[in-house]
Amino acid sequence: MRIDIISVLPKLIESPFNASILKRAIDKKLIEVNFHDLKDYASSKRRQVDDYQFGGGSGMVMMIEPIKKCIDSLKKERKYEEVIYMTPDGEMLNQKISNKLSLKGNIIILCGHYKGVDQRVRDSLITMEISIGDYVLSGGELPAAVLCDSIIRLIPGVLGNETSALTDSFQDDLLAPPVYTRPSSFENLDVPEILLSGDKLKIELWREEKALERTKNLRPDIFD
Ligand code: SAH
């Protein structure tokens, strides 16, 4: 899989890919991530990528020309299955969307800034619009990093043990059961006996029960 991220501030998004699981996935060539500075596609010497909005009003709008030029140059090189725009009024990101996207070949992610992008970009170039929640951030870089992390950790081979992503919350519409590690007893706080029993079947059933209980209590909306 290959992800191309278009941004006016690519520096803002690079660091999460230089550490831990995402870095390992890139090093192992399980995923290729490329960053593109939109200003490289500006036609003016000032490398302008935004302008005042028609009709007046505060806030700059990202222009269509540099975005189209950048997307076209990428599409000339290879096929893309989705061109995603990160936006607070997009479809709310959830595990199902991440699962689906993790199966794709190549995707482009466009990060907005200022007031967002000219509507014609959304109408003619974008195939999917994703929000990471009902709040507004200053740019699409952090949302794009969140989206990429949620996708990349699902690619087979990225997590040490492939099944570990499958037992995380929201797979199967359930929250994950509680987890414990050493010591088994700490200041009168004990690990549930069953986890120390070595009985794999009983442990599995206990985890299932706890996952159901947690989901019912904490997220009745998905439990239903
Ligand atoms: N004027 C827009 C917000 C622009 S915020 C509005 O009111 O809807 C600037 C950029 O930050 C957006 O173009 C988008 O790329 C990004 N962004 C902000 N909040 C986001 C969110 N919750 N999810 C995804 N992207 C977001």
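Contact means heavy atoms within 4.5 Å. The model is predicted.

**Exercise 1. The surroundings of Ala-42**

Task: Locate Ala-42, classify its exposure and list its contacts beyond four places in sequence.

Solution:
- Step 1. Find the element. Ala-42 falls in the loop that runs between β2 (32-37) and β3 (50-52).
- Step 2. Classify the exposure. The relative accessibility of Ala-42 is 14%. Buried means under 20% relative accessible area, so Ala-42 counts as buried.
- Step 3. List the contacts. With residues up to four places away in sequence not counted, Ala-42 touches Arg-47, Gln-48, Val-49, Pro-66 and Lys-69.
- Step 4. Add a distance. Met-63 is 21 residues from Ala-42 in sequence, and their C-alpha atoms are 9.3 Å apart in space.

**Exercise 2. The acid in the β6–α5 loop**

Task: Determine where Asp-118 lies, whether it is buried or exposed, and which side chain it pairs with.

Solution:
- Step 1. Place the residue. Asp-118 belongs to the loop between β6 (106-110) and α5 (119-124).
- Step 2. Check the accessible area. Asp-118 has a relative value of 17%. The limit for buried is under 20%, so Asp-118 is buried.
- Step 3. Look for a polar partner. The side chains of Asp-118 and Arg-120 are joined by a polar contact of 2.7 Å.
- Step 4. Look further along the chain. Once neighbours within four places in sequence are left aside, Asp-118 is in contact with Val-61, Met-62 and Ile-64.

**Exercise 3. The ligand site**

Task: Describe the shell around the ligand, its polar atom pairs and its cover by protein.

Solution:
- Step 1. Count the shell. There are 20 residues around the ligand. Those that come nearest are Tyr-85, Met-86, Gly-112, Tyr-135 and Leu-137.
- Step 2. Collect the backbone pairs. An oxygen atom of the ligand lies 2.5 Å from a backbone N or O atom of Met-86. A polar backbone atom of Leu-137 is 3.0 Å from a ligand nitrogen atom. For Gly-139, a backbone N or O atom lies 3.5 Å from an oxygen atom of the ligand.
- Step 3. Assess the cover. On its own, the ligand has 560 Å² of accessible area, and the protein covers 85% of it.
- Step 4. Name the pocket. The ligand sits in the second largest one.
- Step 5. Assign the shell to elements. β5 (82-92) and β7 (128-131) are the elements that give two or more residues. β5 gives the most, with four residues.

**Exercise 4. A threonine in a helix**

Task: Decide whether Thr-215 is buried or exposed, and name its contacts.

Solution:
- Step 1. Place the residue. Thr-215 is part of helix α8 (residues 200-218).
- Step 2. Read the accessibility. It is 0% for Thr-215, so this residue counts as buried.
- Step 3. List the contacts. Neighbours within four places in sequence are left aside. Thr-215 is then in contact with Asp-173, Leu-174, Leu-175, Pro-220, Ile-222 and Phe-223.

**Exercise 5. Backbone exceptions**

Task: Find where the backbone departs from the usual phi sign or peptide geometry.

Solution:
- Step 1. Set the reference. Most residues other than glycine have a negative phi, and most peptide bonds are trans.
- Step 2. Check a peptide bond. Arg-182 and Pro-183 are joined by a cis peptide bond, with omega about 0°. Pro-183 lies in the loop between α7 (163-166) and β8 (185-186).
- Step 3. Check Tyr-114. Its phi is positive, near 55°. Tyr-114 is in the loop between β6 and α5. Its relative accessibility is 42%, so Tyr-114 counts as partly exposed.
- Step 4. Check Asp-172. Its phi is also positive, near 65°. Asp-172 is placed in the loop between α7 and β8. With a relative accessible area of 68%, Asp-172 is exposed.

**Exercise 6. Distances from the α7–β8 loop**

Task: Give the C-alpha separations for Val-179 with Glu-77 and for Asp-172 with Leu-142.

Solution:
- Step 1. Place Val-179. This residue is found in the loop between α7 and β8.
- Step 2. Classify Val-179. Its relative accessible area is 74%. Exposed means over 50%, so Val-179 is exposed.
- Step 3. Take the Val-179 pair. Val-179 and Glu-77 are 102 residues apart along the chain, and their C-alpha atoms are separated by 46 Å.
- Step 4. Take the Asp-172 pair. Asp-172 and Leu-142 are 30 residues apart in sequence and 27 Å apart in space, C-alpha to C-alpha.

Technical notes:
Residues numbered from 1 in each chain as written. Predicted model: local features only at pLDDT ≥ 70, side-chain atom pairs only at ≥ 80, totals over all residues. Heavy atoms only, no water. Buried < 20%, exposed > 50% of the residue type's maximum accessible area, 1.4 Å probe, protein only. Polar contact = N/O pair within 3.5 Å; in protein donor to acceptor, adjacent residues only side chain to side chain. Near = heavy atom within 4 Å. Areas by Shrake-Rupley, 256 points an atom, 1.4 Å probe, with all protein chains shown as cover. 1 Å grid on protein atoms, 1.4 Å probe; cavity = no way out; pocket = protein on both sides within 12 Å on 5 of 7 lines; lining within 4 Å. Sits in = over half its atoms within 2 Å of the grid points.
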